[in-house]
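Colleague: I've got a fold open on my screen and I'd like to learn how to read it. Could you walk me through it?

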Amino acid sequence: MITGSVTVGIPFCNETNLVYLTSSIDSIINQTFRVDCIHLINDGPISDDLNDLIKRYRNKYSNIEILSFPKKGLPYVLNQSIMNCNTEYYARMDSDDIAFDTRIEKQIRYLQKSPETYILG
């Protein structure tokens, strides 16, 4: 049995496709390994439709945190997400990625069996 806590960071911006972002978030919510925290990371201004979608997820799932920043760029917002993470593991995805339902489980299993590995994709 594998154990550990994990945060998944999903950065997005105003140009993000709502359908893709919804699929991305759902694929993390439906993981076989429980994700402790999902950071939805807003980089810049946000449309009303995107803001409504993010709020609906936040209201429905208590493990979702919304991090918002003025337009700072991907490296900055990802670093902020990592610094605001208090779990053992951190995973990231793009807002148009869809994760297999066993992604997090397989990655944590590999990391725990391979202590010399610090990062994987």
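Colleague: Let's start with helix packing: at what angle do α1 and α2 pack, and how far apart are their axes?

Modeller: Keep in mind that this is a predicted model. Helix α1 (residues 18-29) packs with α2 at about 15°, and the axes are 11 Å apart. Angles under 35 degrees count as roughly parallel, so α1 is roughly parallel to α2. As for handedness, α1 passes α2 in a right-handed crossing.

Colleague: Which residues of α1 and α2 meet there?

Modeller: From α1 you get Leu18, Leu21, Thr22, Ile25, Asp26 and Ile29, and they meet Asp49, Leu50, Leu53, Ile54 and Tyr57 of α2. Sorted by class, that contact has 8 nonpolar, 1 polar and 2 charged residues.

Colleague: Okay, now the sheet. In what order do the strands come?

Modeller: For a sheet, look at the strand order, then the pairing direction, then the edges. Here 4 strands make an open sheet, ordered β3-β2-β1-β4, with parallel pairing. The edges are β3 (64-69) and β4 (89-92), each of which pairs on one side only. On average, neighbouring strands are turned by 25° against each other, direction ignored.

Colleague: How many bridges join β2 to β3?

Modeller: There are 6 bridges between β2 (residues 37-43) and β3, and the two run parallel. To find your place in that pair, look for Asn42, which stands opposite Ser68 in β3.

Colleague: And which helices pack on the strands?

Modeller: Take α2 (residues 48-60): that helix packs on the sheet and touches β1 (6-12), β2 and β3, its direction making about 150° with that of β3. Then there's α3 (residues 74-83), which lies across β1, β2, β3 and β4 and runs at about 150° to β2.

Colleague: Last thing, loops. Is Met93 buried or exposed?

Modeller: With a loop residue, check accessibility, then list the partners that are distant in sequence. Met93 sits in the loop between β4 and α4, and it is buried because its relative accessible area is 1%. Leaving out residues up to four places away in sequence, its contacts include Val8, Gly9, Ile10, Ser27, Ile28 and Arg103. Met93 and Val8 are 85 residues apart in sequence, yet 7.4 Å apart C-alpha to C-alpha.

Colleague: What about Ser95: buried or exposed?

Modeller: Ser95 is in the loop between β4 and α4 (103-113). Its relative accessibility is 14%, so Ser95 counts as buried. Setting aside neighbours within four places in sequence, Ser95 contacts Ile10, Pro11, Phe12, Thr16, Tyr20, Leu21 and Ser24.

Conventions: Residues are numbered from 1 along each chain as its sequence is written. This is a predicted model: local features need pLDDT of at least 70, side-chain atom pairs count only at pLDDT 80 or more; totals for chains, interfaces and linings use all residues. Side-chain values use heavy atoms; hydrogens and water are left out. Two strands pair if DSSP finds at least two bridges between them. Axes are lines fitted to C-alpha atoms, for helices over the stretch in contact, and angles run from 0 to 180 degrees between N-to-C directions. Contact means heavy atoms within 4.5 Å. Angles under 35 degrees count as roughly parallel, over 145 as roughly antiparallel, 65 to 115 as roughly perpendicular and the rest as oblique. A crossing is left-handed if the near helix is turned anticlockwise from the far one by less than a right angle, and right-handed if clockwise. Ala, Val, Leu, Ile, Met, Phe, Trp, Tyr, Cys and Pro count as nonpolar, Asp, Glu, Lys and Arg as charged, and the others, Gly among them, as polar. Buried means under 20% relative accessible area, exposed over 50%, partly exposed in between (1.4 Å probe, protein chains only).
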